[in-house]
Amino acid sequence: MLNRYARALFARIFTPVARFLLARGVSADAVTVVGTLGVVLGALVLFPLGELFWGTMVITLFVFSDVLDGVMARLAGTTGRWGNFLDSTLDRVQDAAVFLGLMLWFFGAGDSWIAGAAAGASLALGMLVSYVRAKAEALGFEANTGIAERAERLVVTLVFAGLTGLGLNPLVLTVVLTLLAVASAVTVGQRMVTVYRQARRAQQTQSAAEDGTEPPPSS
């Protein structure tokens with residue numbers, strides 16, 4: 001939902017900025033790299049220091065590069081497989097930095113191994129969510145489904161991390177991270193089931209073609 005509506009809105013907002021940068025020779029790839037560096041520094045420097053609010057502000061500022069670079073690439077006519085690969089890869093780097101920064105804080109000054117473990121689980125399962133989709137698409141299947149996609153996970157994490165930095169009880173963030181880990185695990189399961197059904201249908205279709213019969217209707 002966030003990918004569908006928020007991206008369209010911010011694409012319109014950032015179009016003037018994209019035109020401005022392109023006119024000065026800045027490439028979409030450069031924006032992607034700078035945005036990732038900003039997120040990584042905000043997450044791995046400010047979060048472990050306990051500056052959750054300011055860390056969230058810095059990360060949020062640079063996260064918008066994920067929209068800006070796409071707008072720039074479309075305007076410049078440079079969209080392609082390399083840009084898609086770079087953007088997707090660095091998105092994973094950003095996600096890892098955010099949850100790793102929270103882990104470092106919780107295992108350190110945050111003094112909550114439960115929250116640290118929840119952040120670690122969210123990190124690992126979030127990577128798995130992305131991997132399942134990438135592997136499915138590499139095999140010719142669709143796996144763009146589930147209750148916890150990247151945008152939702154990132155937005156929820158940053159909102160509650162920022163609120164914690166403003167004085168919200170860290171226990172709330174612990175619960176949020178735990179629920180995100182569970183939601184990510186459910187999403188992995190949903191995507192695996194989706195791919196299984198597609199694979200089974202493809203196998204039935206192939207068998208029917210070989211036998212000269214009609215394949216059974218999809219369930």
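Which residues form a nonpolar patch on the surface? This model is a predicted one, and the patch makes a good place to begin a walk through it. V155, V159, L163 and L166 form the patch, and together they have about 340 Å² of accessible area. One of these residues, L163, has its place in helix α7, which covers residues 150-165. L163 counts as partly exposed, because its relative accessibility of 37% falls between the limits of 20% and 50%.

From the surface, let us turn to two residues that are tucked away. S122 lies in helix α6, made of residues 113-138. With a relative accessibility of 2%, S122 counts as buried, because the limit for that word is under 20%. What does the side chain of S122 find there? A polar atom of that side chain lies 3.0 Å from the backbone oxygen of L177. If we leave aside the neighbours of S122 within four places in sequence, S122 is in contact with F99, L177, L180 and A181. L177 therefore appears both in this list of contacts and as the owner of the backbone oxygen just mentioned.

The second residue is T36, found in helix α2, which runs over residues 28-46. T36 is buried too, as its relative accessible area is 5%. Here a polar atom of the T36 side chain lies 3.0 Å from the backbone oxygen of T32. Apart from neighbours within four places in sequence, T36 is in contact with L90, V93 and Q94.

Next come the aromatic rings. A pair of aromatic rings is described by the distance of the centres and the angle of the planes. How many aromatic pairs are there? The count comes to four aromatic pairs, and we can visit two of them, F14 with F64 and W82 with F85. The ring centres of F14 and F64 are 5.6 Å apart and the planes stand at 50°, so this pair is tilted; the word applies because the angle is neither under 30 degrees nor over 60. The pair links distant parts of the chain: F14 belongs to helix α1 (residues 2-23), while F64 sits in the loop between α3 (52-63) and α4 (65-76), 50 residues apart. F14 counts as buried at 17% relative accessibility, whereas F64, at 27%, counts as partly exposed.

W82 and F85 have ring centres 5.9 Å apart and planes at 35°, so this pair is tilted as well. Why are W82 and F85 separated by about one helical turn? They are three residues apart in helix α5 (residues 81-107), and that is why about one helical turn lies between them. W82 counts as exposed, because its relative accessibility is 51% and the limit is over 50%.

Helix α5 also holds L100, a partly exposed residue with a relative accessible area of 34%. To get a feeling for distances in the model, take L100 together with A8: they are 92 residues apart in sequence, and their C-alpha atoms are 29 Å apart in space.

Our last stop is the loop between α5 and α6, where D111 is found. Most residues other than glycine have a negative phi. D111 has a positive phi of about 55°, although it is not a glycine. At 67% relative accessibility, D111 counts as exposed.

Definitions and conventions: Residues numbered from 1 in each chain as written. Predicted model: local features only at pLDDT ≥ 70, side-chain atom pairs only at ≥ 80, totals over all residues. Heavy atoms only, no water. Helix = DSSP H or I, 4+ residues; strand = E, 2+ residues; numbered from the N terminus. Buried < 20%, exposed > 50% of the residue type's maximum accessible area, 1.4 Å probe, protein only. Polar contact = N/O pair within 3.5 Å; in protein donor to acceptor, adjacent residues only side chain to side chain. Contact = heavy atoms within 4.5 Å. Phe/Tyr/Trp six-rings, centres within 6.5 Å; stacked < 30°, edge-to-face > 60°. Patch = residues over 30% accessible without salt bridge, like charges linked within 9 Å, V, L, I, M, F, W, Y side chains within 5 Å. Areas by Shrake-Rupley, 256 points an atom, 1.4 Å probe, with all protein chains shown as cover. Salt bridge = Lys/Arg side-chain N within 4 Å of Asp/Glu carboxyl O.
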